[in-house]
Amino acid sequence: MWGTSAHPCPYCDGFEHRGERLAVLAAGARGEHLAILLRQWSDDVVLLSNGPHDLAAHELAHVHALGIPIIKTPVVALDGDGTGRLRRVRLDNGETLDRDALFFYVGWRLRNDVARTLGCRLSDDGSVAVDSGQATTVDRVYAAGNCVEPRALVPTAAGSGVTAAVAINTRLSFEDADRHQHPPELRGRRPRSRRLPHHGARFRGPLTRTIARGAMSMESTRAPCGRIGSYRAAPAGGDRAGSS
Ligand SMILES: Cc1cc2nc3c(=O)[nH]c(=O)nc-3n(C[C@H](O)[C@H](O)[C@H](O)COP(=O)(O)OP(=O)(O)OC[C@H]3O[C@@H](n4cnc5c(N)ncnc54)[C@H](O)[C@@H]3O)c2cc1C
């Protein structure tokens, strides 16, 4: 039923279930949130709190004001029709409730392991902290999408990816332009170290070494042939996108 008639997001899948018999499986503020949003799409929304509803007084008042019944009896099973369509919810007391779709909250966790390993600063909710060009607090590491904004849907996530791409490309282009300005006697020399410039010391461990190698090759292929003479440190606290 997952993705067909059981969903976590009313903005992603609410429209497709407009006018249907809907159930919300969640307690507390999340239950109130889902029930109120889904009430826009259907007059028949039931809140299944699967135990105590844990609604604060003002949340309960909202739910009551919109005429949304609350069932506290634990849910034991969901019956479908074999095609992924929900047909009924089975409750612990033997009763059943005919429903066409279920929206639920079971919690979520951001997959921020890579950013954490690289030493990027995280916000309180675990998302990766970035500036307006999607640059993290670790130089040459950019982040976009849900790991930066957990509430982002596809257009927003993709948009932040474009912002990051523009910032990275601008920066690399200006670094190439800087290399063209090197004195002729330095041209053709190989860099003394294959370590990433400026921040090599931050890259440790197998995973980060792989990422560092990727960044190195990206930088090398971007540089004009034979002109990778030296690297110049980005201005401290300056615009990392390198725009003038
Ligand atoms: C059930 C569901 C339904 C949704 N429906 C809609 C919808 O209808 N419309 C809409 O606009 N949005 C919808 N969304 C939201 C949408 O999916 C996200 O906004 C979007 O996918 C975010 O894109 P992203 O690239 O940031 O992250 P993701 O699409 O999650 O991509 C991140 C990728 O990184 C990979 N990854 C993570 N950690 C590691 C690691 N350590 N190593 C290697 N790979 C890793 C993951 O496996 C994943 O493939 C829905 C989300 C869910 C969960």
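**Figure 1. The lining of the largest pocket, in a predicted model.** By class, the residues around this pocket comprise 16 nonpolar, three polar and four charged ones. Please keep in mind, as you look around, that the structure shown here is a predicted model. The largest pocket holds about 810 Å³ of space. Its lining is made of 23 residues, and those nearest the centre are Pro8, Cys9, Arg30, Trp108 and Pro150. Helix H1 (10–13) and helix H2 are the elements that give two or more residues to this lining. Rolling a probe the size of a water molecule over the atoms shows where empty space is left.

**Figure 2. The protein chain as a whole, to help you find your way.** Six helices and eight strands are found in the protein chain. If you follow the sequence from its start, the pattern reads β-α-β-α-β-α-β-β-β-β-β-α-α-α. Of the 244 residues in the protein chain, 37% are buried.

**Figure 3. An open sheet of five strands.** The strands of this sheet come in the order S1-S8-S2-S3-S4, and their pairing is parallel. At the edges stand strand S1 (6–7) and S4; each has a single partner strand, so one side of each is left without a neighbour in the sheet. The next three views look at individual strands of this sheet.

**Figure 4. Strand S2 and its pairing with S8.** Strand S2 covers residues 22–25, and strand S8 covers residues 101–104. Four bridges link S2 and S8, which pair in the parallel sense. To trace the match residue by residue, start at Leu22, which stands opposite Ala101 in S8. Further along, Leu25 has Phe104 as its bridge partner in S8.

**Figure 5. Strand S3 beside S2.** Here S2 and S3 pair in the parallel sense, again over four bridges. Val24 stands opposite Leu47 in S3, and Leu25 stands opposite Leu48. Between these two strands the chain passes through helix H2 (residues 28–38), giving a right-handed β-α-β crossover from S2 to S3. Which way do the side chains of S3 (residues 45–48) point? Val45 and Leu47 point one way, Val46 and Leu48 point the other way, and all are buried. In a regular strand the side chains alternate between the two faces of the sheet.

**Figure 6. Strand S3 beside the edge strand S4.** S3 and strand S4 (residues 70–71) run parallel and are joined by two bridges. In this pairing, Leu47 stands opposite Ile70 in S4. To get from S3 to S4 the chain goes through helix H3 (residues 57–65), and this β-α-β crossover is right-handed. Leu47 is thus a handy residue to centre the view on, with Val24 of the S2 pairing and Ile70 of S4 opposite it.

**Figure 7. Cys120 and Cys147, two cysteines without a disulfide.** How many disulfides does a search of the whole structure find? The search finds zero. The cysteine sulfur closest to that of Cys120 is in Cys147, 9.1 Å away, which is too far for a bond. For comparison, a disulfide calls for two cysteine sulfur atoms within 2.5 Å. Seen from the other side of this pair, Cys147 is in no disulfide, and the nearest cysteine sulfur is that of Cys120. Is Cys120 buried or exposed? Cys120 is buried, with a relative accessible area of 6%. Cys147, at 24% relative accessibility, counts as partly exposed, because the buried class ends under 20%.

**Figure 8. Asn50, with a positive phi.** Asn50 is not a glycine, yet its phi is positive, at about 55 degrees. You will find Asn50 in the loop between S3 and H3. Its relative accessibility is 41%, so Asn50 counts as partly exposed.

**Figure 9. Gln134, another residue with a positive phi.** Gln134, a residue other than glycine, has a positive phi near 70 degrees. Gln134 sits in the loop between helix H4 (113–118) and helix H5 (154–180). With a relative accessibility of 9%, Gln134 counts as buried, whereas Asn50 of the previous view counts as partly exposed.

Definitions and conventions
Residues numbered from 1 in each chain as written. Predicted model: local features only at pLDDT ≥ 70, side-chain atom pairs only at ≥ 80, totals over all residues. Heavy atoms only, no water. Buried < 20%, exposed > 50% of the residue type's maximum accessible area, 1.4 Å probe, protein only. Pairing = 2+ DSSP bridges. Right-handed = clockwise from strand over helix to strand, strands pointing away. 1 Å grid on protein atoms, 1.4 Å probe; cavity = no way out; pocket = protein on both sides within 12 Å on 5 of 7 lines; lining within 4 Å. Points joined across faces, edges and corners; volume = space filled by probe spheres on them. Nonpolar A, V, L, I, M, F, W, Y, C, P; charged D, E, K, R; others polar.
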